[in-house]
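Please take a moment to look over the sequence and the 3D structure below. A short guided tour follows.

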Amino acid sequence: MKKRHTIHIKSLSIAGLIFFTFTVMGQQPRQTIKGVVRDVDSHITLPGAMVIIEGSEPVKGAVTDTEGNFRLEGVNVGRYNLRVTYIGYEPAIVSEVLVLSGKETVLQIGLKEAVTTLEGVEIKAYSNKERPINPMAMISARQMTMEEASRYAGGIDDPAHLATAYAGVAGSVSSNAIVIRGNAPKGLLWRMEGIEIPNPSHFANVTTFGGGGITALSSQMMSNSDFYTGAFPAEYGNALSGVFDMKLRTGNNEKHEHTLKVGLIGIDFASEGPFIKGKQSSYLINYRYSTLALISPLLPANAQGIKYQDLSFKMNFVLGSYGTISAWGLFSGDRTAGKVKTDSAQWQYYQDIEKDENINRMGAMGINHKLVLNSGTYFNTALAITGNYLSWFRDELNDGMELYPKDEIVQNDRKYAFSFLVNHKFGPRHTNRTGFVLNVLTYNLNTKQFAVTSQMLETFAKGEGGSELLQFYTQSRWNVTSRALINAGLHLQHFTLNKETSIEPRAGISWKLNSKNTFSIAYGLHSRLEPIGFYFAEQQLTGGRVYPNKSLELAKAHHAVLSYELSTGEYSRLRIEPFYQWLFDIPVIPGTSFSMINLEMDWFFRDSLINSGTGRNVGMDITLERFLHNGYYYLFTASLFDSKYTGDDDIVRHTRFNRQYVFNFLVGKEWIMGKEKGNSLGVNTKFSLLGGNRFSPVNPTASLAAEDVVYDETRAFTMRHPPVYYLDLALTWQRNKSRYASTWSVHFVNLLFQKEFYGHRYNFRSQSVEEYKQIAVIPNISYRIDF
């Protein structure tokens, strides 16, 4: 009897184990959604807020605790929209929330206090993607999510490439330079954690001032960020064309999580988690290493064999009533080298007999302290150091088959920054943000080029020392009624090198006619420094060396923007923005067509400049968008514009960047698959049509005499390239298991193999000037695992 009883128990145990195993295997993988809900203006937490997954049956939701935290456990993997409500506040929808089995989903949600609550009046819930993160922003602003950079075709995990899909923006395949509304890429302000940083691109400023190859910050690090194309709020200074205000996300403070991505262009590893379990402090770190050796046959000749790496981190320390301290950093290092062709029979162009080496390093590191004092006020203090180093040496073979130095560029810039802002909410109708920034600039630069006349290297720019850029701003937002909104502010900046002070008013009005229609108008005066080397252009005169451009004034621009936005559905919208920009005090060369408004790249410059140039950009941006819902999305953007300038010769001309039109169409679809609904297939495409850029005609007689490319600048930018069109494709296959999530992806940029124009080059074999065009294709097959 006892033996039979023992066998019976074992049989039950085995049967139970088998049943449990199949039950677990049959369950859809699940994960946790958690986060915190705050007042978007005062940043106080909101206890008692309701967070509900839309469409869940039965209803799945949570209520925030006394610290504003919420937690939704056991959520099936997939995409969701969350509806967030709180008494006295406008409801909000957090859209496109992606839940993977390998990592918890952590959200930071802001709610806006309602101005009035009238019985019988419905307050429409707004989507978090409809509004920028900065509550002071009103117009020409868009919130960017880094999940989009991974999902959108052509994004290739690079926020700068992703931005080229937005209205008003033009880009290219081989560079992540951002041209906004006809302005040069050098006019864009890059910020990280509230601090201005150097261009955070690998090989920054090598082919284009303001651009590079790919952004040095991995999408694994970035939180939702704001991108501006005009008339930006008062807190943004030293920006002429646009602002990219990047935010770093905070690591998970409860659970250690990791991500590894391996692809044709390199590896990417991220790790995050709590320093001590049970505490609220956390870390987040990411490292990338890339070599393009595997895809070098598909790249331009000057892009083969390049290597780059970057490291970024954020450490967050919660100090209770003393606030929160975060330490963050971004470091990148790049190197590329070119060799001469040893077979003289292959020599056609100067690049065939040139040997060059380029080393580029960028760094930014800071400490931020945020302190919420009471229900209406918070302080944010930041201390940071940033820097950029470039070493570029080029040698050329002479007739004796010996290398001699041709170009030498060494530039080492550093900046020490201190910023402080106080944000005070006087009530639901009025919020003010006031602050100042002190930037201490140090620089050491020396650019030389071989001169045929002197048969030696001659200095073009040289400078060592420092100066300061001081900025002060204040801005208020008044919710006059529940439908009318006024923004007004002032930005002041002073540059000690040229002793110039710029006072820049900013203002805007928004009127919501009803729940579907909104009209807005905004104005701003903006200014920006030129690249530091132009202030230290060196001329050798009989009396000695002179630096004619040290007193150069800031370039300035008036921005005026109208906006009409129509809510075409709960998850779709139409936005139309006519704009006008008047640029003035633009540096130009006296008596010529040259203007810094057209500057793409010129390291060897030593002409005298005066601030008599002007420019005008006028046009219209259109966005028709459906956010990802029920598995599909689309985005159509159109930019119709005209960009003109006047040099010191008083002739109105097209600017270099006057493409006149840019169209983008993106569409994507996700299918949920598998017995447990744990897998997904994504297909995303992007088609772009851009008008051709402008260029100056070649002067063949002068080019033949100089045995180099010489342009006819009396007919500047009268020539135009034909239109260009690109097709990009992104495919993803995602699998969610109980302990990890894996993703296979294929990204292909320029699927139609369109050639890009890189300028002209002199063929000394045929003694003629030729257009320099090459096909730039970026394919990447990668595997990612989150665990």
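The report begins with confidence, then visits some strands, a few backbone features and two lysines.

## How far to trust the model

This is a predicted model, in which local features need pLDDT of at least 70, side-chain atom pairs count only at pLDDT 80 or more, and totals for chains, interfaces and linings use all residues. Residues are numbered from 1 along each chain as its sequence is written, and side-chain values use heavy atoms, with hydrogens and water left out. The score called pLDDT is the predictor's confidence in each residue, from 0 to 100. Its average over the protein is 90, and 93% of the residues score at least 70. Residues 1-25 are another matter: pLDDT stays under 50 there. For this stretch the model has 1 contact beyond four places in sequence, where contact means heavy atoms within 4.5 Å.

## Strands and their partners

Helices (H or I, at least four residues) and strands (E, at least two) are DSSP runs, numbered from the N terminus. Two strands pair if DSSP finds at least two bridges between them. As background, the strands of a sheet pair through backbone hydrogen bonds, either parallel or antiparallel.

Three antiparallel pairs are good places to start, and the table sets them side by side.

| Strand pair | Bridges | Residues between the strands of the hairpin |
|---|---|---|
| E24 (residues 430-451) and E25 (residues 456-479) | 22 bridges | 4 residues |
| E25 and E26 (residues 484-495) | 11 bridges | 4 residues |
| E5 (residues 78-85) and E6 (residues 92-99) | 6 bridges | 6 residues |

E25 pairs with E24 and also with E26. To trace these pairs by eye, look for Asn439, whose bridge partner in E25 is Leu469, and for Trp478, whose partner in E26 is Ile486. In the turn between E24 and E25, Gln455 has a positive phi of about 55°.

In the hairpin of E5 and E6, Gly88 takes a positive phi near 85°, while Gly78 stands opposite Val99 in E6. Strand E6 is mostly covered, with 7 of its 8 residues buried; buried means under 20% relative accessible area, exposed over 50%, and partly exposed in between (1.4 Å probe, protein chains only).

Elsewhere, an open sheet of 5 strands with mixed pairing has the order E9-E14-E15-E12-E13. Strand E9 (141-144) and strand E13 (195-196) stand at its edges with a single partner strand each, so one side of each is left without a neighbour in the sheet. The partner of E9 is strand E14 (residues 225-228), joined to E9 by 4 bridges in the antiparallel sense. Within this pair, Ala141 has Tyr228 as its bridge partner.

## Backbone features in the loops

Most residues other than glycine have a negative phi, and most peptide bonds are trans. Which residues are joined by a cis peptide bond? They are Glu57 and Pro58, with an omega of about -5°. Pro58 sits in the loop between strand E2 (50-53) and strand E3 (61-63).

Asp157 is not a glycine, yet has a positive phi of about 60°. Its place is the loop between helix H2 (146-151) and helix H3 (159-163), and at 16% relative accessibility Asp157 counts as buried. Phe717, also not a glycine, has a positive phi of about 55°. This residue is found in the loop between helix H5 (700-706) and strand E39 (719-720), and Phe717 is buried, with a relative accessible area of 7%.

## Two lysines and a tyrosine

Lys686 lies in strand E37 (residues 679-690). How far away is the nearest side chain of opposite charge? That side chain, Asp728, is 4.5 Å away, and the buried Lys686 has no salt bridge. Here Lys and Arg count as positive and Asp and Glu as negative, while His and the chain ends are not counted. A salt bridge is a side-chain nitrogen of Lys or Arg within 4 Å of a carboxyl oxygen of Asp or Glu.

The side chain of Lys686 does make a polar contact with the side chain of Thr164 (3.3 Å). A polar contact is a pair of N or O atoms within 3.5 Å; within protein, one must be able to donate a hydrogen and the other to accept it, and residues adjacent in sequence count only if both atoms are side-chain atoms.

Lys675 lies in the loop between strand E36 (661-673) and E37. Lys675 is exposed, with a relative accessible area of 82%. Lys675 and Gln28 are 647 residues apart in sequence, and their C-alpha atoms are 8.2 Å apart in space.

Tyr645, in strand E34 (residues 632-646), is buried, with a relative accessible area of 1%. The side chain of Tyr645 reaches the backbone oxygen of Ser593 at 2.8 Å.
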